[in-house]
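Here is a set of short questions about one protein model with its ligand. Each answer holds a value up to its criterion.

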Amino acid sequence: MEVARVETVLITGGAGFIGRHVTQLLLDNGYTVRILDPLIEQVHQGQRPADLPPAAELIVGDVRDRSALSRGLEKVDAVIHLAAEVGVGQSMYAVERYVSVNDLGTAALFEEMVGRNIRRVVVASSMSIYGEGLYRTEGGDIVENAVRRPRACDDASWDPLDEQGLPLIPMPTPEWKRPSLASVYALTKYVQEQLTLTLSAAYGMEGVALRLFNVYGPGQALSNPYTGVLAIFASRLLNGQRPIVFEDGRQRRDFVHVSDVARAFLAALEKPSAAGQVFNVGSGEDRSILEIGNSLAEAMGRPELSPETVGKARIGDIRHCFCDVTKAREVLGFKASKDFGQGLSELARWVARQTAHDRVEQARRELEQRGLVA
Ligand SMILES: NC(=O)c1ccc[n+]([C@@H]2O[C@H](COP(=O)([O-])OP(=O)(O)OC[C@H]3O[C@@H](n4cnc5c(N)ncnc54)[C@H](O)[C@@H]3O)[C@@H](O)[C@H]2O)c1
């Protein structure tokens, strides 16, 4: 049985890409929504997003600011915590900023929530906490702690290898795989997730963490070169440039549409049995980066702009990680339903109406200057 609807939900970081979709879905389902978001420059260029649902109340403020938090939490029944600095590569040098926003922000949020009548807190965690996904050897042994060693020569496999030097075979990654925190971003997301579960349990709130895989769809920040591989590719294509792909492009991920992710948040807010648990949120389908680069170029009418593979890896990047969706299906009743081809066509139509500043080369230079590309 579903619980009675909570009425007012605070969404931290709710003006962002995922936040706006979650906001709209909650409003459509009868919730009152308040957003706390400082509209950070890197994502919003200082502007209120045009598609921010007007029925949501927006407090322009930082999740670390106690007075903004106190106003934001007034008469709130539940919290969806999305506020974060989002970028794996950037987190490796903007360390203080990432730790501050993601972890001190979560700490401040919880200190302000204690003593209020808040039933449930749902936090956006990330697949990045897994590091490498789950693998098996050719003989069928499960490998939870695959790591990549430096490649012996230019034509060596990019895949993690078993003890005999044979490439490991990637499998869908379930929630029980132990985390392997390969970047500052991953570390901060894991702390966000664990703070949420630990403190919710201690103070009689219900904590839920959703480990989101690669989210895509309309509204993703196109000019932010630090996050969202499809948005980064779209921005390049829109500017007549070939997408840049690291390694050989055969690394595999799970792309899940933002409308499905919004439905997962609604289920995580409402399902009683979700309390205290962690769920993967993905489509259950895996694709290579090269494949999605080519598909997007086609969907955007620029098939000649096929991805350019650079044959280098970014420090902290993983080879394969894609989603085992079993637990979310069984406990949350959640199943992604967006067809990938249709999702890409819609994304292409949305992108065609946007302008995007392509800052990918600049972002790549920043990593290279710091020795974060090998
Ligand atoms: N997009 C993905 O593929 C993906 C995957 C895994 C996890 N996530 C997580 O989902 C959440 C939302 O991501 P998104 O893709 O919508 O990113 P986004 O950058 O579009 O949204 C993040 C929002 O947080 C806000 N924000 C930044 N600093 C803040 C602060 N100090 N206080 C309050 N708000 C602040 C930003 O202004 C922005 O509106 C994040 O927690 C992210 O780590 C996203």
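The questions below cover a predicted model, beginning with its ligand.

Q: What makes Lys-189 a polar contact of the ligand?
A: A polar side-chain atom of Lys-189 lies 2.7 Å from an oxygen atom of the ligand. The cut-off for a pair of N or O atoms is 3.5 Å, so this pair counts as a polar contact.

Q: How do you know that Leu-82 and Ile-40 make polar contacts with the ligand through the backbone?
A: For Leu-82, a backbone N or O atom lies 2.8 Å from a ligand oxygen atom. For Ile-40, a polar backbone atom is 3.2 Å from a ligand oxygen atom. Both distances are within 3.5 Å, so both pairs qualify. Taken alone, the ligand exposes 820 Å², and the protein buries 95% of that.

Q: What makes a residue part of the ligand's surroundings, and how many residues surround the ligand?
A: One of its heavy atoms must lie within 4 Å of the ligand. The ligand is surrounded by 28 residues. The closest are Asp-37, His-44, Leu-82, Tyr-185 and Lys-189.

Q: Which elements supply at least two residues of the shell around the ligand?
A: They are helix H1 (17-28), helix H2 (41-44), strand E5 (120-126), helix H6 (184-202) and strand E10 (214-216). E5 gives the largest share, three residues. By residue type, the shell divides into 18 nonpolar, six polar and four charged.

Q: Why are E6 and E8 called paired strands?
A: Pairing takes at least two bridges. Strand E6 (residues 135-136) and E8 have two bridges, in the antiparallel sense, so they pair. Tyr-135 stands opposite Pro-170 in E8.

Q: Why are E7 and E8 called edge strands?
A: The open sheet has three strands in the order E7-E6-E8, with antiparallel pairing. Strand E7 (142-143) and strand E8 (169-170) each pair on one side only.

Q: How do you know that domain 1 and domain 2 are in contact?
A: Contact needs heavy atoms within 4.5 Å. The contact takes 17 residues from domain 1 and 13 residues from domain 2. Domain 1 spans 8-134 + 171-369, and domain 2 spans 135-170. Their C-alpha centres lie 29 Å apart.

Methods:
Residues numbered from 1 in each chain as written. Predicted model: local features only at pLDDT ≥ 70, side-chain atom pairs only at ≥ 80, totals over all residues. Heavy atoms only, no water. Helix = DSSP H or I, 4+ residues; strand = E, 2+ residues; numbered from the N terminus. Polar contact = N/O pair within 3.5 Å; in protein donor to acceptor, adjacent residues only side chain to side chain. Areas by Shrake-Rupley, 256 points an atom, 1.4 Å probe, with all protein chains shown as cover. Nonpolar A, V, L, I, M, F, W, Y, C, P; charged D, E, K, R; others polar. Domains from an automatic or database assignment.
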